[in-house]
Every structure is written in structure tokens, then in C-alpha cells.
Amino acid sequence: MKHIATILLIVVTVAGVQAQHRTITLDMKQVISIANDSSLTAFRYKNLYLSSYWTFKNYKGKRLPSLDLALRPANYYRYLTSRYDFENNIDVYREQKSYSASAGVTLSQNFDPIGGSFFVEANTEYLRNFGDNTYNQFSTTPIRIGYHYSTLGYNEFKWDRRIEPLKYERAKSEYLYNSESVAATAVSYFFALAAAQTQYDMAVEQAAACDSLLLIGERRYKIGSVRKNDLLSLRLDAVNARNSITTAEIARQRANLNLVSFLGLPNGTDIKILLPGSPSLPAIDVEKALEMMRQNSYMIKEKMQAVVELEKELDRTNKTTHFNASVNASVGFNQAADNFSGSYRDPMRQDIATLSLKIPIIDWKQGRGQRNIAKNNLSIANIEAQQKMIELEQDVIITTAELNSRYQLLTSAEQALILANDMYKETRSLFQLGTGTVADLTTAQQKLLNAQNSYIQSMQNYWACYYELRKLTLYDFEFNISLSDKFDYDNLVK
């Protein structure tokens, strides 16, 4: 065992060292997938959903019959109790010792249509007293059928049938909403690293170009085709380019560390970014986006749940503040004997019926106050639901319009990048041929860098806006499908 443990330790250590220096290449969708699978934020959201999932399973379980076994195998008493002494006409304390045990089985079923619970039960009890009059006694109830209703008129089960499925649907939508929030955060980290990586690549490329141009400038200076001032400018560009590499590398490492930490990857992982291509989405119809938001938004479902819960509270208040009544009724058989078999012979009929009423006579308008509070809370919830709907509709309209505009800006930024790159190549060629100036080359380099940054920023803005719209609507506009329809909730539970 010691040798096996040593080998395992070596393997884990070697694997850990390798993992600390690995380089992986990820595109945007892969980053989003890892974020929703491995990040700490996603892990928290998963557990929030699982809590709601098991709450709903617990509710479903309460709708099914339940069978309980109640055992009390030992109950021993030894104490002094007061007894009347007939001979001396006085009360005296005497020692009392007894042992008892019981067992019972109960089958119960909640009855949703009218409320209350039906039950069938059977039980057996054994009692043995010790002392001068030692005796045994068995008491059995072979069967007892009953019904219990704690609050007449108020059917809590009816409300639960409305509320619990709504709560679970809201929890599923909320999980998808949170997943889209994780995706939006992952997109921001992704493009932050993409920008830093592009800056670094541009700095390396620019440094190489500056060194190459400096050699050309020195040769041309020797033949007198370049002024001393231009040569010094080329040397300064070369020095600045090398300094830019160091600065860009620091920024790239920081952005890389942020993304690695967010994704929950091992420390030391170096991520190479693959930028997505141009989005193929056409202009998104705002009416379709609004329709999807109304169908899928967890915030609307949350407000609907709040309204139904307050309707339940109003119903409960109306039916319990005027009077409160409960019913407990059962029919069965019961017998007692000094032996077990005798306790099942000739059982006696056992009928139990209880009706309890509680009617407030003077409550100083507390009941009326509770009813008014419930009504006002329900009115507030309805108003808040309407306000939330208006706010969400405005958000969807604005975000859809912004997304369509961002698409146009991204297309323009891509065209600008192509033009800037062509211009830089042309200016560099002219300089190498001796017909271009240093000032023209520097300007072309700066325009290319600005075009690169503008393109990445436009792409980040577009995808951030797209995932914001997905978050609001919980709809995948690329594949025209609801996120809930394509998500595997069972796999999440597993």
C-alpha cells in the first residue's frame, strides 16, 4: 500500500506540474460552456436550482399516499403516586412500576379536491404493571378509518397545486437566466483577453516591423535618402515597440489570469483566444423578442407567483378571521385483554368525531385589519407585476434595437479593419521602396492598431448585447428555439 500511495503521489505531482504550464485554445462558445459547467458562480446557481427541484419533488411526494410505522419498543416508569387508603381513610404515596410498548401502522392520503387528509391505521399496545397486583394487558385497534380537516373552508392543497408548479417553472427559468448572466460575464472576460492578446500580437509584429524598417532606414541614411531626424524617429519607434511588448504582455497575463480564475481552470493555464467570425444573425424582430420575453421571463413568472401566493393569503385570511373550524372523525374497532390473541376477539366499535370552532367575539377589528392588509398586499403585487412587465418590454425594445445597430457597427468595423490593414501594407511597401515617409508609416501603424481595437470592441459590444437579449427572452435567436426546450434539466440533476 505504501508503494502504491507513493506512485499515485508521483503521478499526481507530475500531472499537476504539467497542468500548471499547459496552453489551451478556446473560442467564445467553449469559454461560455466551461463557465456554465465549472465556474464557482455557475456552481452556486446549480445548487439554487437543485434546492427548488427537490422542493418540488417533496411537494409531488406529498400528493401520494404515505405509509408510516410508529414504534415505541420500551417505556418504563418507576415513581411514587398518590393512592387512597380505604382502611385509614387517608391518601398515601405508593411506589408504582410499569412497562409499556406500542406499534402502529398508518396509511394516509391528502385529498386535494376538498382538502384534509384520509387515513387508515392499526396499532397494538402492551402494558405491564409491577407490584402487589402484577398484571399484563394488551390493547389493539385492528383497523381505524378517519378523516382530518384542520381549517374548514380553506383548502391549502388547492392553492399548492397552483403555486408549486409555478414556483418550479420560475426556478427553471431563473436558472437559465443566471446561466445567461454567467455567459455574459464570460464574454466580457473573453474579449478582455482577446483585446489584450491582440495588443500583444500587434506589439510583437510592430516591434519586428520597426526593427526591419530601422535597418532599411539606416541603409537609406547612408546613401542620403533619409534625413537624420527620420532615422532617429525610426530608432525611437523600435525602442517604444520593444517597451510596448512588455506592457502588452503584462496586460495579457492579467486578462488571462482573470479568465482562468473565472472558469475554474488550474493556475498556470495559458489561454489562446480564437475570435468568433462575423455573426450570421439577421435583424431580430422586436415583436418576436417581446413575445418570447412574455412567455419565458423568470421575472414575470416570479411576479405571477407572488400574486398567486397573496391570493392564497387573502383566501386564508377571509376564511379564518371570521371563524375557525376543524373536523376530526374516525370509525374503527378496539379491544383489550390480558393476552395478545384475546385483544383481537370480539372487537368493540370505536367511533370518534370532533368538531372544533373558534369564533372571535371581541377582537378589536384585528380580523378586519388582517383582511385589509391581505387585500392591499395583493393590490400592490398586481401593480408591481404590471410595472415589471412594462420595464421588461422597454428593456427588450431598447436591447433589440441596440443589437441590430451593433450588427451594423460591427460590419463597418470589420470593413475599416480590412482597409486599415491594406493601407498599412501599402504604406510599408512604399517606405521599403523609398517613396514613403516615416510619418506616413507611423500614421498607418496607428490607424491599423485603432482599427483592430475598434473591431474587437465592436464585436464585444455586439455579443454582450446579444446575450443580454437572450437573458431577457430566454430564447436562442440563432437556432430559433427556447432555451428551456433545448436544455437538459435531468442531466443537471444527475
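The legends below describe several close-up views of one predicted model.

**View 1. Helix α3, its span and its buried residues.**
Helix α3 covers residues 40-62, and its 23 residues, at 1.5 Å a residue, should span 33 Å. The C-alpha atoms at the two ends of the helix are 33 Å apart, which agrees with that expectation. Along α3, the residues A42, Y45, K46, Y49, Y53, F56 and Y59 are buried. When reading such a list, it helps to recall that an α-helix has 3.6 residues a turn, so residues three or four places apart point the same way.

**View 2. The crossing of helices α6 and α8.**
Helix α6, residues 286-296, and helix α8, residues 366-433, have axes that come within 10 Å and cross at roughly 145°. The crossing in which α6 passes α8 is right-handed. On the side of α6, the contact is made by V286, A289, L290, M293 and R294, while α8 contributes M389, L392, E393, V396, I397 and T400. Sorted by character, the residues of this contact are eight nonpolar, one polar and two charged.

**View 3. The open sheet of six strands.**
The strands of this open sheet follow the order β2-β3-β4-β5-β7-β8, and their pairing is antiparallel. At the edges stand β2 (66-85) and β8 (348-358), each of which has a single partner strand, so one side of each is left without a neighbour in the sheet. On average, and with direction ignored, neighbouring strands of the sheet are turned by 20° against each other. As background, strands of a sheet pair through backbone hydrogen bonds, either parallel or antiparallel.

**View 4. The pairing of strands β5 and β7.**
Strand β5, residues 135-149, runs antiparallel to strand β7, residues 324-337, and nine bridges join the two. For one residue in this view, Y147, the bridge partner in β7 is A329.

**View 5. T317 in helix α7.**
The residue T317 lies in helix α7, which takes in residues 298-320. With a relative accessible area of 2%, T317 is buried, because buried means under 20%. If its neighbours within four places in sequence are left aside, T317 is in contact with Q370, R371 and A374.

**View 6. Y200 in helix α4.**
The residue Y200 has its place in helix α4, residues 156-222, and at 23% relative accessibility Y200 counts as partly exposed. Apart from its neighbours within four places in sequence, the residues in contact with Y200 are I245, A248, E249 and R252. Y200 and A401 are 201 residues apart in sequence, and their C-alpha atoms are 34 Å apart in space.

**View 7. N89 and K365, two loop residues with a positive phi.**
Most residues other than glycine have a negative phi. In N89, however, phi is near 55°, a positive value in a residue other than glycine. N89 is found in the loop between β2 and β3, and at 54% relative accessibility N89 counts as exposed, because exposed means over 50%. In K365, phi is near 65°, which is also a positive value in a residue other than glycine. K365 is placed in the loop between β8 and α8, and at 58% relative accessibility K365 likewise counts as exposed.

Technical notes: Residues numbered from 1 in each chain as written. Predicted model: local features only at pLDDT ≥ 70, side-chain atom pairs only at ≥ 80, totals over all residues. Heavy atoms only, no water. Helix = DSSP H or I, 4+ residues; strand = E, 2+ residues; numbered from the N terminus. Expected span 1.5 Å × (residues − 1). Buried < 20%, exposed > 50% of the residue type's maximum accessible area, 1.4 Å probe, protein only. Axes fitted to C-alpha atoms, helices over the stretch in contact; angles between N-to-C directions. Left-handed = near helix turned anticlockwise from the far one by under 90°. Contact = heavy atoms within 4.5 Å. Nonpolar A, V, L, I, M, F, W, Y, C, P; charged D, E, K, R; others polar. Pairing = 2+ DSSP bridges.
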